[in-house]
Amino acid sequence: MPRRRSTAGHRASGRACVGLSHHRHTVTPMQMVQGTFDDLGTALADVTFVVVDLETTGGSPADSAITEIGAVKVRGGVVLGEFQTLVNPHVPIPPFIQALTGITTAMVADAPRIESALPAFMEFAQGAVLVAHNARFDIGFLKMAAQLQGIEWPRHTVLDTVHLARQLVSRDEARNHKLSTLAALFGADTTPDHRALHDARATVDVLHALIGRVGSLGVHTLEELTSYTSRVSPAQRRKRWLADGLPDAPGVYMFKDGDGRVLYVGTSVNIRTRVRSYFTASEHRTRMAEMVRLAESVTPVVCATTLEAEVRELRLIAEHKPRYNRRSKTPERATWVKLTVEAFPRLSIVREVRPDGARYIGPFGSRSSAEAAVAAVHEVIPLRQCVQRLSPTRRVGSCALADMGRCGAPCTGAQSVADYGRVVQDAEHALVGDSRSVVQALRARMGTLAAQERYEDAGTLRDRLLALVRGMARAQRIAPLAASPELVAARPAAVGGWEVVVVRHGRLAASTVSPRGADPMPYVRAVRDTAEVVLPAPWPAPAAIPEETEKVLRWLEQPGVRIVDVEGAWTCPVGGAAGARAELEGPAERREAPVFVAAS
């Protein structure tokens with residue numbers, strides 16, 4: 001039977017909690033408060049570790065078996081108990097393994113089978129943090145044994161002393177990070193000899209020595225130890241107090257410098273957990289380490305729903321333009337393609353949508369993509385490309401495009417207002433309605449160029465076509481929501497109840513969550529009554545930055561979302577550009593194609 005030895009009892013410890021009810025809270029050095037134990041992490045002195053080592057018949061858990069289990073339970077530097085058992089693998093032990101470990105086939109003939117040894121070990125290790133030297137090997141064998149027996153493996157926190165040693169022990173101190181080398185370096189009481197219990201005892205001494213080293217670097221909790229990496233500087237790690245007192249709730253967080261300037265804006269389903277990650281190994285971005293060094297406070301903004309958090313993040317980035325955010329800082333730089341209103345309309349690239357009766361597509365992320373879209377239209381629709389204002393009664397000389405037959409030359413009077421109007425009508429229909437004709441014409445043109453072996457020209461036209469369908473699809477997605485005075489939608493919340501959002505002219509006006517089991521309709525009425533008053537922007541622009549409206553659209557298109565009420569119509573044009581875009585970009589984009597519902 002497995003052998004256990006207990007040398008100390010368990011110690012009791014108290015826990016204290018501090019409640020937080022702030023919606024907004026800025027943590028500064030003068031406002032530091034005592035957080036909960038969960039806020040601060042689990043002190044290493046209070047953690048029960050079970051250090052385990054295995055001997056096996058080979059190197060792979062798929063085709064080898066366990067021959068010995070040894071483990072030591074420690075807490076606060078005190079050994080609480082030991083566990084040791086040989087295991088009958090039911091196969092002969094290879095000679096080289098016998099020579100390495102000293103465990104022979106005869107020695108394990110009467111030993112317990114893994115079916116009884118494993119449950120005994122799991123009982124010994126229950127609730128503890130598992131530690132092993134090269135934990136992937138030992139824990140991998142234990143998990144495979146549990147799987148073969150149909151036993152659910154517990155969710156132990158696992159600590160690997162090899163990984164920790166690589167962060168803390170340089171090549172100048174030790175030639176490698178083997179257990180025998182580290183045991184000699186730290187003066188372990190037990191010399192490892194490939195017997196499970198002896199190696200586990202040596203690993204305990206190595207673990208305590210490594211904990212002593214990280215303690216001098218300011219690591220005092222289990223959470224900090226398991227995420228420790230030498231890539232995180234001590235200065236960055238010392239800033240972890242910035243997360244003290246932050247709420248366990250979805251929302252937005254803002255890192256600020258000593259003058260109150262916003263350095264970085266982020267969002268998370270759990271503000272406190274996310275902010276804490278900036279001081280651990282999970283944060284790899286170099287610029288974030290620089291940002292943390294400058295940060296002196298964190299301001300959280302708790303949000304009712306994750307959608308509200310994402311929208312608030314966009315708005316705060318646009319407002320403050322933090323130096324360490326790389327995206328969404330300049331929404332005002334978006335460009336639109338406009339079909340002008342004049343006797344002989346043309347395509348123009350503009351910065352804003354005006355209430356002038358013109359047709360617009362976009363917005364485009366850059367001027368170059370807008371120019372590519374315009375060039376694609378000019379490939380198949382003979383709109384004039386000159387920029388001067390033309391008069392039906394005053395004629396001017398023709399340009400090269402007219403001489404090439406790519407323009408009807410309204411400037412010379414060769415094309416009347418009515419004749420040119422039919423060209424404009426085709427362009428307008430393609431841009432804001434059924435885009436299939438222009439897409440088909442462009443694809444046919446690409447085929448012709450490819451047949452002529454003009455592959456570079458065909459590739460350029462393909463890029464122009466993609467820019468065009470992206471701009472048209474974006475406009476056709478945004479415009480219906482921008483025109484809707486109010487849309488109310490709901491989806492089941494992860495914890496029960498319903499997430500309810502109110503969208504007005506494409507802008508998120510309010511959101512709330514109805515409790516589990518409660519009638520959601522009173523919450524719907526309340527959130528509508530208290531939602532932001534939103535005035536429409538010139539159509540087809542939304543009353544929010546386009547990126548916000550697109551986030552709202554993606555939320556509305558998720559499975560399970562229900563439209564509670566919509567004022568106006570929310571529709572998608574038959575033959576619109578979304579289908580062409582999905583076809584050109586492939587299955588990944590096709591999943592994002594809009595599924596609109598029409599209502600009145």
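The largest cavity in this predicted model is lined by Arg-384, Gln-385, Cys-386, Leu-390, Cys-399, Cys-407, Pro-410 and Cys-411. Sorted by class, its lining has 6 nonpolar residues, 1 polar residue and 1 charged residue. The space inside the largest cavity comes to about 40 Å³. A search of the whole structure for cavities of 30 Å³ or more finds 1. Rolling a probe the size of a water molecule over the atoms shows where empty space is left.

The chain around this cavity can be described in a few totals. Its secondary structure consists of 21 helices and 16 strands. The chain has 600 residues, and 50% of them count as buried. Contacts between residues at least 6 apart in sequence can also be sorted by separation: 66% of them join residues at least 24 apart.

The next topic is the nonpolar cores. The largest nonpolar core has 38 residues, and the members that touch the most others are Leu-347, Ile-361, Leu-383 and Leu-468. Strands β10 (335-339), β11 (347-350) and β12 (359-364) each supply at least two residues of this core, as do helices α13 (367-380), α15 (417-432), α16 (436-451), α17 (455-483) and α20 (577-585). Helix α17 gives the most, with 9 residues. Leu-468 serves as an example of how such a residue is surrounded. Leaving out residues up to four places away in sequence, Leu-468 touches Ile-361, Ala-373, Ala-376, Val-377, Leu-431 and Leu-442. Another core lies apart from this one; it has 30 residues, including Val-74, Val-169, Ala-188 and Val-206.

Strand β12 deserves a separate look. Of its 6 residues, 5 are buried, and the strand is mostly covered. Strands β12 and β10 run antiparallel to each other and pair over 4 bridges. In this arrangement Leu-339 stands opposite Arg-359 of β12. Strand β12 also holds Pro-363, which is joined to Gly-362 by a cis peptide bond with omega of about 5°.

Where else is a cis peptide bond found, between Trp-539 and which residue? The partner is Pro-540, and omega for this bond is about 10°. Pro-540 is placed in the loop between α18 (521-530) and α19 (546-556).

Helix α19, at the end of that loop, is mostly covered, with 9 of its 11 residues buried. The buried residues are Pro-546, Glu-548, Thr-549, Glu-550, Lys-551, Val-552, Leu-553, Trp-555 and Leu-556. Among the elements that cover them are helices α12 and α17 and strands β12, β13 (486-492), β14 and β15.

One of those covering elements, α12, spans residues 306-320 and contains Glu-313. Is Glu-313 buried or exposed? Its relative accessibility is 6%, so Glu-313 counts as buried, the cut-off for buried being under 20%. Apart from residues up to four places away in sequence, Glu-313 touches Val-252, Val-265, Gly-266, Thr-267 and Arg-327.

Two other covering elements, β14 (498-504) and β15 (507-514), are joined by a loop in which His-505 is placed. His-505 is not a glycine, yet its phi is positive, about 50°. The relative accessibility of His-505 is 10%, and therefore this residue also counts as buried. His-90 has a positive phi too, about 65°, although it is not a glycine. The place of His-90 is in the loop between β4 (78-86) and α2 (95-101).

The last element to consider is helix α5. Why is helix α5 described as largely enclosed by the rest of the structure? The helix covers residues 161-168, and 6 of its 8 residues are buried, so the description follows from that count. The buried residues are Thr-161, Val-162, Leu-164, Ala-165, Gln-167 and Leu-168. They pack against two strands, β5 (129-132) and β6 (158-160), and against helices α6 (179-185), α7 (196-215) and α8 (222-226).

Technical notes
Residues numbered from 1 in each chain as written. Predicted model: local features only at pLDDT ≥ 70, side-chain atom pairs only at ≥ 80, totals over all residues. Heavy atoms only, no water. Core = buried A, V, L, I, M, F, W, Y, C linked by side-chain atoms within 4.5 Å. Buried < 20%, exposed > 50% of the residue type's maximum accessible area, 1.4 Å probe, protein only. Contact = heavy atoms within 4.5 Å. Pairing = 2+ DSSP bridges. 1 Å grid on protein atoms, 1.4 Å probe; cavity = no way out; pocket = protein on both sides within 12 Å on 5 of 7 lines; lining within 4 Å. Points joined across faces, edges and corners; volume = space filled by probe spheres on them. Nonpolar A, V, L, I, M, F, W, Y, C, P; charged D, E, K, R; others polar.
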